[in-house]
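Thanks for passing this one along. My notes are below, set out as numbered points so you can follow them with the model open.

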Amino acid sequence: MKKSALPCRESKPMEKENSAFKPPVTNLKRRKFLKNSFIAIGGLGTITGLAVNNVFAGEQTAASPLKDPESFADGSHLERMRVELLRALEKPVDQRKWVMVIDQQKCVGCSACTVSCNSENNLPPGVVYRPVTKVEVGKYPDVSWVFTPRPCMQCDNPPCVSGCPVNATWKREDGIVVIDYDICIGCRNCIAACPYNARTADFGDFFGLETPEIMDYETRPNFEYSKEWPRNPGSHESPIGNARKCTFCLHRVRVGMLPACVTTCLGGATSFGDYNDENSLVHELVGSGRAKRMKEELGTAPSVYYLI
Amino acid sequence: MLEIALKGSKKYWVWVIILLAAMAVGAGAYIDQFTHGLTITGMSRDVSWGFYIANFTYLVGVAAGGVMVAIPCYLHDYKKFHRITVLGEFLAIAALVMCLLFIVVDLGQPIRLFNVLLHPTPHSMLFWDMCVLNGYLFLNIIIGWNVLESERNQVPHPKWVTPLIYISIPFAIGIHTVTAYLYCGLPGREYWLSAILAPRFLASAFAAGPACLILLCYIVKKVSKFDPGWEAMQTLTKIICYALTTNVFFFLCEVFKAYYSNIPGDKSHFNYLFFGINGHNGMVPWMWTSIICMFIGIFLLIVPALRNNKTLLPFTCIIVIIGTWIDKSLGMISGGFVPSLLDHVTEYSPTGEELVVTLGVYATGLLVLTILYKLATTVKEEVRG
C-alpha cells in the first residue's frame, strides 16, 4: 500500500487524529456512567427504546441541554444512535464496524435522504450517492410502492476495490470503502465493477454551466474525508475527474455526527451504528429476522441491510 | 531506416498533411475536453464508459488479429505469409498506439496516468491490460523493425529476435483475453459476465484483424510497386471466414442462454440492443446492421466463387469490419451498461466532440501506419528491384 497523507487512513482512535473538529462530547466521566448504565440495563434484558429513554430522562437534569448536546436525549431512535456512535468512537478504529439498516416498511419514499446527501456532499449534477428507487407492487386496489434507498453498500468483499488499477480505493478497518481522490486517475473501472451502481464519475458538470453565472454554492468545497474539496469549472482539481461514492459521511461520523441521510430520514427508516457493539440498535435490527442484503448471491457481503 | 518516410510522392505528402490536420482538429477537441472534463461526452451515471473504450476494445482486437499472420508464418513456416507478416506487425503497432491513446483520452485525470506504474496493482485487470498492451507494442516494434532491417540488408534476422517472436504469439492472445477479462470479471453485469466473452473477443478479432490487413494489402498494391500476393490473401479470407463464423456462433450461444433460460437480467440487454425497451431503441438499427453484415460476410466468404473474386473481396472485408465493429464496440458498451443495475434505461450516444477526439486518435494511428507501411513497402520494393 502506498503512503498517503489523506486523513481517511485511520489507525488510531479518532480522538487523537482529528484536530479540525472537536467531538461534541467531552465529559468522559459522565459517558462512562452512561456506558455503565447501558451495561446494567443490558444485563436486565434487551435494551428497548423505553429503557434508553429512562436512562436519558435521568440525565436531563444533570446538565444544561445547551452546553451538553447529549442531554438532549429524549429516547428517540436518533438519540440512541448518536450516543452509540460516540461510544463506538471511543474504541480504536479497527474495533468498529459501521453498518446501515434501512427499514423499507418505514421508508415513505420522500427522498429527503437523497437531498440531504447531495447537500452535505455538495454533489454536482449527475452524481448521486443515495438515490431512492421505487417499484410498484400489486394491482389496484391492493397496490403499494416499495422504496429502496441505495447508499454505498460498503461491501466486505468490494469488487470496486479489486478493480482499481492504482490502489486509489480500499476498505478501511471500520468497514467504510473510501477513495483517495489524489491518486484516482478516473478510469472508471470501479464504476463498472460495482454491482449496485453505487459509484459515480464526476465528469465536471455544473448546474450553471449553460447559464451566465455559476453560483457560489456550486464551487463551495465539500468536506469529504475531512478535507476541503472545492470544485471549480475548468479546473482539473479533484474531485472533478474522479470516481465518487457514499462514505457513510465518514467526515461527520468521525466527529460524532450521524450520516446526513440518517439524521434527515423522516420516517426513522435509516439506522446507523457499530455492529461490533452488541447493544447497538443496528445489531438488534440485523438480528430481527427481517434483515436482507441486496444481491447477496454475488458474495459482496454488503454492510447495508434492508428490513423488508 | 526512418529516412525513407521523408521521401515520398506528392500523393503521399497530401495524405500525411490530411492526417496531420485531422490530428490537429482532434487535439483541439481534446484540449476542450481536458479543460471542461468528460462532461462534454455523452457518458452518464449509468453509462460510464463510452465511445473511447468501445473503440479501444475493437482496436485491441485488430492488434491481436495480426497474430493470424504471425502463427502460420513463424510456427508453420507458411511461405506465402512471409511477405506480409511485417505488414501484420506494423498494423498491430498502429492499432496499439490508438488503443493506448483511447485509454488516455478516456481518463478523468489524465495527468495522473503514471500512477498505474507508481502504484502497481496486480489485483486489477486494468493494470494487467496495461502490461500486456505495452508489452505487445514493444515486442512488435522490436520484431518488426529488426525483421525489416534484416530484409533490407538481405540477411536473416538476428537470432535473438526469434524467442521474442515466439513470446509475441501468446502476448497477442493475452492482450485480447485480458481486455475481455476487464469486462467479464464484473459481478452483476450480466451481458459481460460470460465465460465465453474472451473466446468471442478473440474470434471477432481474428476476423477483424485480417479483414483490415486485406484492405491494407489492396491499398499497398495500388499505391506502391509491392505486391503482397493474391495467395496470401486467399488464405487470409479463409481465416476470416472461420473466425467470423465462430464469432456469430458464440453470439448465438449467448442469445440461446439468455432466452432459453428466460432469466430477465440476461434477456434485458439483448432486448434493449435488438428491440429497444420502452421506446429507447437507439441501438436497434445498429445491432441489426451488425448482424446482417456478419451474416452477409459469412455468405460471401463461404462461397468459393465469391470468396475468390478479387473485385468483391475488399467490399466483403468492409462488410466484415462494419459488422464486427458495431458488435464489439457500440454493442458491447451499450449492451453492458443498458439497462442499468437499477433497471433504468439511459441511452448513450457519443457527442460531436467525442467523435472529433476519436477522429484525432484514428488519424494518429493512421499516420503511424502510413509511415510504417511506407518503410515496409519501400524496403520490399528495393529488395525485389
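1. Let me begin with the contact between the chains, bearing in mind that this is a predicted model. On the chain B side, 32 residues are in contact with 37 residues of chain A. Three helices of chain B, namely α1 (10–36), α5 (115–118) and α6 (125–153), each supply at least two residues of the side that touches chain A. The most comes from α6(B), with three residues. Sorted by class, this side of chain B has 14 nonpolar, 15 polar and three charged residues.

2. Next, chain B taken as a whole. Chain B holds 14 helices and zero strands, so a reader going from the N terminus meets helix after helix, α throughout. Its radius of gyration is 21 Å, close to the 21 Å that the globule rule gives for 385 residues, so chain B is as compact as a globular protein of that length. The C-alpha trace of chain B spans about 65 × 50 × 40 Å along its principal axes.

3. How much of chain B is buried? Buried residues account for 49% of its 385 residues. As for how chain B is connected, take the contacts between residues at least 6 apart in sequence: 79% of them join residues at least 24 apart.

4. Helix α4 of chain B (residues 85–106) is a good place to pause. With 22 residues at 1.5 Å a residue, α4(B) should span 32 Å, and its end C-alpha atoms are indeed 32 Å apart, which agrees. This helix is mostly covered, as 19 of its 22 residues are buried.

5. Which residues touch the most other members of the largest nonpolar core? In that core of 185 residues, they are B:Ala63, B:Leu91 and B:Cys99. If you would like one of them to look at on screen, try B:Leu91: leaving aside residues up to four places away in sequence, it touches B:Val62, B:Gly66, B:Cys212, B:Leu213, B:Leu216 and B:Leu369. As a general reminder, nonpolar side chains tend to be buried together in soluble globular proteins.

6. Another spot in chain B worth a look is B:Gly297, which lies in helix α11 (residues 284–302). B:Gly297 counts as buried because it has 27 C-beta neighbours inside 10 Å, where 20 or more are needed. Leaving aside residues up to four places away in sequence, B:Gly297 touches B:Leu244, B:Thr316, B:Ile319, B:Val320 and B:Gly323. The C-alpha atoms of B:Gly297 and B:Phe315 are separated by 9.4 Å, and these two residues are 18 residues apart along the chain.

7. Turning to chain A, the count there is 11 helices and 10 strands. Buried residues make up 44% of its 308 residues. Of the chain A contacts between residues at least 6 apart in sequence, 64% join residues at least 24 apart.

8. Chain A has an open sheet of four strands, in the order β8-β1-β10-β9, with mixed pairing. Its edges are β8 (270–274) and β9 (291–292); each has a single partner strand, so one side of each is left without a neighbour in the sheet.

9. The mixed pairing can be followed strand by strand in this sheet. Strand β1 (residues 98–103) and strand β10 (residues 304–307) of chain A pair in the parallel sense over four bridges, and A:Met100 stands opposite A:Val304 in β10(A). By contrast, β9(A) and β10(A) run antiparallel and are joined by two bridges. In β10(A), A:Leu307 is the residue opposite A:Ala291. In general, strands of a sheet pair through backbone hydrogen bonds, either parallel or antiparallel.

10. Finally, is strand β2 of chain A (residues 132–139) mostly covered or hardly covered? Hardly covered: among its eight residues, the count of buried ones is zero. β2(A) forms a hairpin with β3(A), with two residues between them. Eight bridges join β2(A) to β3(A) (residues 142–149), and the two strands run antiparallel. To find the pairing on screen, look for A:Val132, which stands opposite A:Pro149 in β3(A).

Note on methods: Residues are numbered from 1 along each chain as its sequence is written. Chains are lettered from A and ligands numbered from 1 in the order in which they are written. This is a predicted model: local features need pLDDT of at least 70, side-chain atom pairs count only at pLDDT 80 or more; totals for chains, interfaces and linings use all residues. The radius of gyration is taken over C-alpha atoms; the globule rule is 2.2 Å times the number of residues to the power 0.38. A residue is buried if 20 or more other C-beta atoms lie within 10 Å of its own, exposed if 12 or fewer, and partly exposed in between; C-beta atoms are placed from the backbone. Two residues are in contact if their C-beta atoms, placed from the backbone, lie within 7 Å. Ala, Val, Leu, Ile, Met, Phe, Trp, Tyr, Cys and Pro count as nonpolar, Asp, Glu, Lys and Arg as charged, and the others, Gly among them, as polar. The expected span of a helix is 1.5 Å times one less than its number of residues. A nonpolar core is a set of buried Ala, Val, Leu, Ile, Met, Phe, Trp, Tyr and Cys residues joined through C-beta atoms within 7 Å. Two strands pair if DSSP finds at least two bridges between them.
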